[in-house]
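Q: Please take a close look at one part of this model and describe its packing in detail. After that, carry on to any enclosed space and to the strands.

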Amino acid sequence: MAITKYESYYLKILEKLKLIKADNEYKTDSIAFAHWYLENYYKLNTQDIAEAIIDGDGDLGIDSILIDEDNSALTIMQYKLPSKKENINCEIDQGDILKTWNGFLTLISNDKPYTGKNQKFEEFKRQLENTVITNFRICFVSYNKGVIANRSIVESNAEVFKRDTGSNLEIIYHDRDAISNIYEKLNRKNNISITLKYKQMQSAYNVQGRKIDSLVGFVNGRELVESIASNIATIFDENIRLYEYGSNVNIGINRTATSTDQADMFYFYNNGVVFICDKAKNSPASSEIILDGASVVNGCQSVNVLYNAMQKGKLNESVYVLVRVISIADYSERMRITEYLNSQTPIRDSYFIANHPIVRDLQQQLLKCGYFLERQSNEANYMAERGSEIKDKVTIQLEKAIQYYVGYWINKNASLAKRGKNALFDKKMIEELLSGITAEKVVEAYATYQSISQVLTLYRKTRRNNQKDDFSKYIGIPQSWVLEHIEDFRFMNTGDIILLNAYANLKKQYKELGIPDIGEKEMIKDAIFVVSKVILSESENNTSLLTKNSNVFSKVQIEISNLTKKYDPSIC
């Protein structure tokens, strides 16, 4: 029997998971699968992934948790990876679905106490007690057929939850098709090509000398979804405005698209969808247009709502959508079109910093230092595919560059770099933050963060396997003592930015005291012990809250500023 695409991808993904499992000392392939998914779908870094994953017994069917305080959103995920390729045709069991649902209710409800012994789960539950959450998501991620036979159970429970709480709840099913799509995206050499069936499509405004053409028409909603369904995870690569779960606008779009008396008015109520592509080939005889290098750059909300409605069998066949196609060869102009199309409605300021003159200059200066500042999502891959000489450069995402820079260099906003990254891009703040930024400062902050991240990984490996003594060797403490006092270092699970800030302040203080350069390793060790001392003195024992608390950051800074000699932990 010939091997299927799913089986082939399964084996290739398993190879990646073996490396992830070994590098992070994960006990199961399933946890490595969670890591792979969070890294490649949500684009999280190693530390963010470690904070999100629920490792060990007592997780109540929840394998990872993401809390987005800026958008009052909570996402919980269950992962299912078949133990062998023959099982990729199975579905998620009803028992596993109900376990995750009950785990979700236990996590968010004050009326349902958690009686398990999973410390990570317990900390997330306590954190939610002090966090405003109005948008909820439950995501079933599986490399099999996912949730089919039992989907009615999930949807029924979701409707009851929304009716009883008045909160938004989105159910996401990422089955083997979605996972395969992610894998294809990671390995794709050619741009997306789609064939769009239309009701009408006519040539529109063209600009001579700029190699820009455009067409305008309208397309049936179902045929629009069908044309991009296989690329739903990648068709928005260049769209700086991604899907907003649970927004009132999307609820309204869904109401119209699924109604029996207003669906035929969708064309008039909706702003439509804009495709941008490298080349458009129109076939009037067959009423089809082929878009090479296609991306949806405006209308992400509408397309996702229509896709979800069709998945549930609720999309009305009377829905028609206004479609604009822009064919363009110039990459710089393509980026500007994408930005301007998404600036006409409210959107997070962080998306528009990409074209700030200081950021543009910073990108050029970092290139000279061996780094590529990725100002826009997927810019590095896009530029590399077009022959740009960045393959030997270290890529730094703009958001991370700003986060690490602020956490390292700007004490008064360091806690904000951990607590509310989006706030760093507020128009009232960004000019001040950028005023002192340089390529050299970004590189120093980034390099130090990477070193601290490696030490955090050593610590987590010790927590997972008490035979691993790399962490104890690093800090110069006997393994037996470390294991006995392992909880004293629990803050390291979420302590990346506070350690980064402590390191920077120690380096400055030691220089002012005339203490010779003690080296990066010794500085990181001192930072760990300083932060540990402050954390242990707090009455609150939820370290995930303490490591983003502005008062704790200040206490660490004061502790360091009061030093008159090299820090001596004296904890042994």
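A: The buried residues of helix α5 pack against α3, β1 (64-68), β2 (73-80), α4 (94-108) and α23 (543-546), where packing rests on contact, that is, heavy atoms within 4.5 Å. Helices (H or I, at least four residues) and strands (E, at least two) are DSSP runs, numbered from the N terminus. The model is a predicted one, in which local features need pLDDT of at least 70 and side-chain atom pairs count only at pLDDT 80 or more, while totals for chains, interfaces and linings use all residues. Residues are numbered from 1 along each chain as its sequence is written, and side-chain values use heavy atoms, with hydrogens and water left out.

Helix α5, which spans residues 119-128, is mostly covered, since 7 of its 10 residues are buried (under 20% relative accessible area with a 1.4 Å probe and protein chains only; exposed is over 50%, partly exposed in between). The buried residues of α5 include the aromatic pair F121 and F124 together with L128, but K120, E123, K125 and Q127 are buried as well.

One of the packing partners of α5, helix α3, also takes part in lining the largest cavity, since α3 (46-52) and α18 (439-464) are the elements that give two or more residues to that lining. A cavity here is a set of points on a 1 Å grid where a 1.4 Å probe fits but cannot get out, and lining residues have an atom within 4 Å of a point. By this rule there is 1 cavity of 30 Å³ or more, and the volume of the largest is about 60 Å³. The residues that line this cavity are N24, Y26, H35, T46, A50, T457, R460 and R464, and α18 contributes the most, with 3 residues. Sorted by class, the lining holds 2 nonpolar, 4 polar and 2 charged residues.

Helix α1 (residues 5-24) contains A22, which counts as partly exposed because its relative accessibility is 48%. The C-alpha atoms of A22 and A32 are separated by 9.1 Å, although these residues lie 10 residues apart along the chain.

As for the strands, an open sheet of 3 strands runs in the order β5-β10-β9 with antiparallel pairing (two strands pair if DSSP finds at least two bridges between them). Its edge strands, each pairing on one side only, are β5 (193-197) and β9 (279-283). Strand β10 (residues 288-292) pairs with β9 in the antiparallel sense over 5 bridges, and A280 has L291 in β10 as its bridge partner.

Technical notes: On a 1 Å grid over the protein atoms alone, a cavity is a set of points where a 1.4 Å probe fits but cannot get out, and a pocket is an open set with protein on both sides within 12 Å along at least five of seven lines; lining residues have an atom within 4 Å of a point. Grid points are joined across faces, edges and corners, and a volume is the space filled by probe spheres set on the points. Ala, Val, Leu, Ile, Met, Phe, Trp, Tyr, Cys and Pro count as nonpolar, Asp, Glu, Lys and Arg as charged, and the others, Gly among them, as polar.
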